[in-house]
Each structure stands twice: as structure tokens, then as C-alpha cells.
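Me: Could you take a close look at one part of this model for me, the place where the second ligand sits? I'd like to hear what is around it and how the neighbouring pieces fit in.

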Amino acid sequence: MAAGKQLSGAGLRGQVAGKTALSTVGKSGSGLTYRGYDVKDLAANCQFEEVAYLILKGELPNQAELDAYKAKLKSMRALPQALKEVLERIPASAHPMDVMRTGCSMLGNLETEESFGQQQDATDRMLALFPGLINYWYNFSHNGKRIEVETGADSIAEQFLWTLHGEKPSELHTQVMQASLILYAEHEFNASTFTARVCASTLSDMHSCITGAIGSLRGPLHGGANEAAMELIEGMNNPEHAEETLLGMLARKEKIMGFGHAIYSESDPRNAVIKEWSEKLAKANGDTNLYDISVRCEAVMWREKKLFCNADFFHASAYNYMGIPTKLFTPIFVCSRLTGWAAHVMEQRADNRIIRPSADYIGEAPRVVVAIADR
Ligand SMILES: CC(=O)SCCNC(=O)CCNC(=O)[C@H](O)C(C)(C)COP(=O)(O)OP(=O)(O)OC[C@H]1O[C@@H](n2cnc3c(N)ncnc32)[C@H](O)[C@@H]1OP(=O)(O)O
Ligand SMILES: O=C([O-])CC(=O)C(=O)O
């Protein structure tokens with residue numbers, strides 16, 4: 001269990017709900033490790049596929065294993081025709097997280113996981129296909145274009161940006177996306193992962209577990225916070241306006257998205273990494289205003305409330321600098337957290353008991369049914 005923050009009360013906070021060998025969160029108030037490796041070390045030295053391999057299989061791959069894994073994923077990018085047809089029927093007004101949820105569920109109809117022996121292949125297929133899935137829908141519904149998802153992209157990071165923008169991304173953008181996917185990959189018993197594990201505990205199939213997890217991640221208190229943070233900062237003209245806006249919101253007791261965390265007490269270790277990339281992108285773009293606004297928000301929130309940026313806050317400006325539409329922010333989180341979700345499903349299956357907690361009853365005392373004519 002994570003330690004560091006006072007954890008008690010509603011929302012199952014502080015209650016151990018199972019065991020995991022996948023990650024530790026907030027052990028010393030701020031740390032995050034995947035299978036024993038510090039997330040900052042991984043983000044500085046690895047590609048996302050190495051980290052996905054680590055989370056799913058237990059160890060970092062050697063070069064030959066990584067090459068084979070990337071080649072496998074590359075060969076699994078094509079979208080089935082029936083899935084394309086479903087995506088083409090979803091309107092442009094739909095939320096992309098609903099598109100992800102439907103796309104994942106449809107894939108489960110077309111390529112059903114028939115036995116647990118197929119769990120790794122089912123996961124790899126989703127890892128390979130999700131970036132193309134969301135960007136196929138986005139380009140078709142917004143620009144009337146049927147894109148080619150079998151690109152020459154070398155990695156999942158490159159594949160996402162390539163299928164979105166229709167061209168090979170810059171080295172800088174690919175690097176940022178690699179880091180971002182690594183930072184979001186795994187986080188112990190967060191709401192969406194716990195959803196996946198509850199579903200897995202009934203011995204359900206992988207696509208059902210992931211579809212449920214996508215629904216949980218969608219909310220603004222969880223993954224949806226990166227989009228909500230963007231909507232907040234894009235309404236701020238400059239750092240002074242940012243300060244004024246936040247003070248007003250705090251006075252009205254409004255929640256500021258992208259700040260605070262259920263487990264961390266001092267800081268979110270992912271923030272420093274994505275903040276640094278956001279600054280680099282700002283400088284490369286020759287316009288640091290959005291970054292400067294974000295930095296001021298961070299200072300005001302700490303000064304006023306001792307609330308720190310979580311992983312989502314500086315992702316907003318970083319993604320925006322890369323020309324990613326705001327409503328696609330949370331689907332990127334899906335493309336990454338899929339690794340953690342699937343690994344938790346596998347871990348749950350390996351030592352399963354159906355998850356079925358109890359409730360304190362607070363309803364009516366026992367009573368008898370009164371005939372309908374007498375009510
Ligand atoms: C990838 C992720 O999913 S990271 C999380 C993304 N979510 C967000 O950024 C949404 C904004 N943040 C929040 O809503 C919360 O901080 C959560 C949901 C992340 C954690 O919730 P909790 O564990 O219940 O928060 P916590 O117990 O630390 O809250 C303590 C107090 O700070 C307040 N608080 C916490 N976060 C914020 C915030 N972002 N803005 C304003 N006040 C806040 C709470 O309302 C609470 O006040 P109260 O005691 O008067 O009721
Ligand atoms: O752990 C949590 O509560 C939220 C989460 O998934 C994350 O921060 O990545």
C-alpha cells in the first residue's frame with residue numbers, strides 16, 4: 001500500500017484491496033516505480049515499447065527482444081473493415097473517449113479473446129491498433145479523410161502523431177510522446193485499473209475489462225483532467241490573468257483540474273518530467289505564453305492551497321504545443337494505460353477470487369408490502 005498521505009474515509013481510501021507486483025505509488029510521499037524501476041529513469045532512458053514489455057512481461061527487453069516486440073506490434077496495426085465501418089458512423093460531435101470505448105468493444109466482437117492463453121496477443125493487438133483507431137475516426141469525422149493506418153512509423157509514439165497529422169512527426173515531438181506514454185502507463189489501483197480488475201475477477205474477457213476501464217478513465221476527476229486543464233489555461237491570457245482567474249475560482253471553492261492527487265502528498269513525480277518537455281516545446285515553438293501561464297498556475301496553487309500539479313497539468317500545454325486537439329488528450333492516456341490495465345488483468349487472473357466487497361446498510365428498516373390500492 002502507498003504511504004505518505006493521510007489516507008482514510010470514503011472512496012475506499014487507504015484500504016488494501018489486493019496485491020500487485022506492478023508498481024508502487026507514493027511510497028515516500030512522491031515516488032513512482034514500475035516493477036522496481038523509477039519512472040523518471042524509465043522516461044529518460046527508454047522507449048514506450050520497452051516499458052510496455054517490462055510491465056506486461058516482468059523484465060526490460062534486450063535489443064533482440066525489443067526489435068521482435070516492435071516488429072510484432074507493427075504487423076498488427078491494420079483496422080478490420082467492420083471496425084472502420086463502425087467508426088465512420090460515429091458523429092464528429094462524439095467524445096473521443098466514447099469512440100475508444102466503442103472501438104474497443106467492437107474489436108472484442110470481431111477478435112474475441114477465446115481463452116486466457118490469448119491474453120498477450122489480445123493486448124498487443126490493442127496496443128498496436130488504438131492510435132490508428134482514434135485517428136481514423138478523427139480524420140474521417142472531422143476532415144472527411146480515410147487515413148492509412150499502416151504507416152512506416154517506428155513506434156507507438158510516432159504512430160499516434162503520424163496517423164493524427166498525416167506525416168512523420170519531428171524527432172522532438174516523438175521524444176515527448178515517448179516520455180508521455182511512459183509516464184501514463186501504470187499507477188497501481190487507480191479507478192480505471194480497479195475497474196479492469198473487478199471485471200477480470202468475474203473471469204470476463206480482456207476487451208470487456210479494457211472497455212470498462214476506458215469508461216472509468218473518461219471522467220474529469222481521473223484521466224479527463226488533462227482536457228479540463230487545457231480548457232482552463234486556454235481561457236487565460238497571460239500569467240497575471242491566470243493568477244486572477246485561479247484566485248477567483250478558489251474563492252468560489254471550485255476544483256482546479258490537474259491539481260491534487262488521491263495518493264501523493266507532496267508532488268507527482270511525473271510532473272517534473274512533462275513540465276521540462278513542455279518548456280522545451282514552448283521554446284521550440286517560439287511562444288512560451290501557455291507554458292508561462294501554467295508555471296504561474298503551479299505557483300499560485302502551491303502558495304494558496306499547497307496543491308501540486310499532477311501528471312495531467314503540464315500534459316495540457318505539451319500536447320497543445322504539438323498541435324494535438326484537446327479532445328484527443330485522454331485517448332492518448334488510453335493508448336498508454338492499456339499496458340497497466342492489461343497487466344493488472346493478467347495479475348488478477350493468475351491469482352483470482354471474485355472481487356465483491358460489502359456495504360454498510362443505511363436504508364429503511366424491514367417493512368411489509370402494502371397492497372397497491374392502499375398506498
Ligand atoms: C491521472 C489522474 O487521474 S491524476 C488526477 C486527475 N484529477 C484531477 O486533476 C482533478 C482535480 N483533483 C481532484 O479532484 C482531487 O485532487 C483528486 C480526485 C485527484 C483526489 O481526490 P481526494 O483524494 O479526495 O483529494 P484530497 O483528499 O487530497 O482533498 C483534500 C482537499 O483538497 C481539495 N482539493 C483537492 N484537489 C483539489 C483541486 N484540484 N482543486 C481544488 N481543491 C482541491 C479537496 O476538495 C479537499 O477539500 P475539503 O477537505 O475541503 O473537502
Ligand atoms: O492513481 C490515481 O488515483 C490516478 C491515476 O491513475 C494516476 O495518477 O495516474
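**Around ligand 2**

Reply: Let's start with a direct contact: in the side chain of arginine 270, an N or O atom sits 2.7 Å from an oxygen atom of ligand 2. Keep in mind that this is a predicted model. Histidine 261 also has a polar side-chain atom 2.7 Å from an oxygen of the ligand, and for arginine 337 the distance from a polar side-chain atom to a ligand oxygen is again 2.7 Å. On its own, ligand 2 would expose 270 Å², and the protein buries 83% of that. The full set of residues around ligand 2 is His187, Asn190, His222, His261, Arg270 and Arg337.

Asparagine 190 is a good one to follow outwards. You'll find asparagine 190 in the loop between α8 (171–183) and α9 (191–200). With a relative accessible area of 12%, asparagine 190 falls under the 20% cut-off, so it counts as buried. If you skip its neighbours within four places in sequence, asparagine 190 is in contact with His222 and Arg337, both of which are also on the list around ligand 2. With arginine 337 there is a polar contact too, side chain to side chain, at 3.4 Å.

Asparagine 190 has another side-chain partner: threonine 193, through a polar contact of 2.9 Å. Threonine 193 belongs to helix α9. Its relative accessibility is 0%, so threonine 193 is buried. Leaving out residues up to four places away in sequence, threonine 193 touches Glu188, Arg337, Trp341 and His344. So here's a little chain to trace on your screen: arginine 337 has a polar atom 2.7 Å from a ligand oxygen, its side chain makes a polar contact with that of asparagine 190, and the asparagine 190 side chain makes one with the side chain of threonine 193. Arginine 337 turns up among the contacts of threonine 193 as well.

Next, have a look at helix α15, residues 313–321, where 8 of the 9 residues are buried. Those buried residues are Phe313, Phe314, His315, Ala316, Ser317, Ala318, Tyr319 and Tyr321. The cover over them includes α8, α11 (225–233), α13 (269–285), α14 (289–305) and α16 (329–350). Going by the numbering, arginine 270 falls within α13 and arginine 337 within α16, and both are among the residues around ligand 2. After α15 comes glycine 323, with a positive phi near 75 degrees.

For a wider view, try helix α6, residues 119–143. Its 25 residues should span 36 Å at 1.5 Å a residue, and the end C-alpha atoms are 35 Å apart, which agrees. There's a bend of about 45 degrees at leucine 129, with proline 131 following within four residues. Of the 25 residues in α6, 20 are buried, so the helix is largely enclosed by the rest of the structure. Glycine 144 follows α6, and its phi is positive too, near 65 degrees.

One last stop is lysine 57, in helix α2 (residues 48–57). Its relative accessible area is 41%, so lysine 57 is partly exposed. Apart from neighbours within four places in sequence, lysine 57 is in contact with Tyr69 and Gln120. By its number, Gln120 lies in α6. From the C-alpha atom of lysine 57 to that of alanine 272, 215 residues along the chain, the separation is 28 Å.

Definitions and conventions: Residues numbered from 1 in each chain as written. Chains lettered and ligands numbered in written order. Predicted model: local features only at pLDDT ≥ 70, side-chain atom pairs only at ≥ 80, totals over all residues. Heavy atoms only, no water. Helix = DSSP H or I, 4+ residues; strand = E, 2+ residues; numbered from the N terminus. Expected span 1.5 Å × (residues − 1). Bend = angle between axes of the 7 residues up to and from the residue. Buried < 20%, exposed > 50% of the residue type's maximum accessible area, 1.4 Å probe, protein only. Polar contact = N/O pair within 3.5 Å; in protein donor to acceptor, adjacent residues only side chain to side chain. Contact = heavy atoms within 4.5 Å. Near = heavy atom within 4 Å. Areas by Shrake-Rupley, 256 points an atom, 1.4 Å probe, with all protein chains shown as cover.
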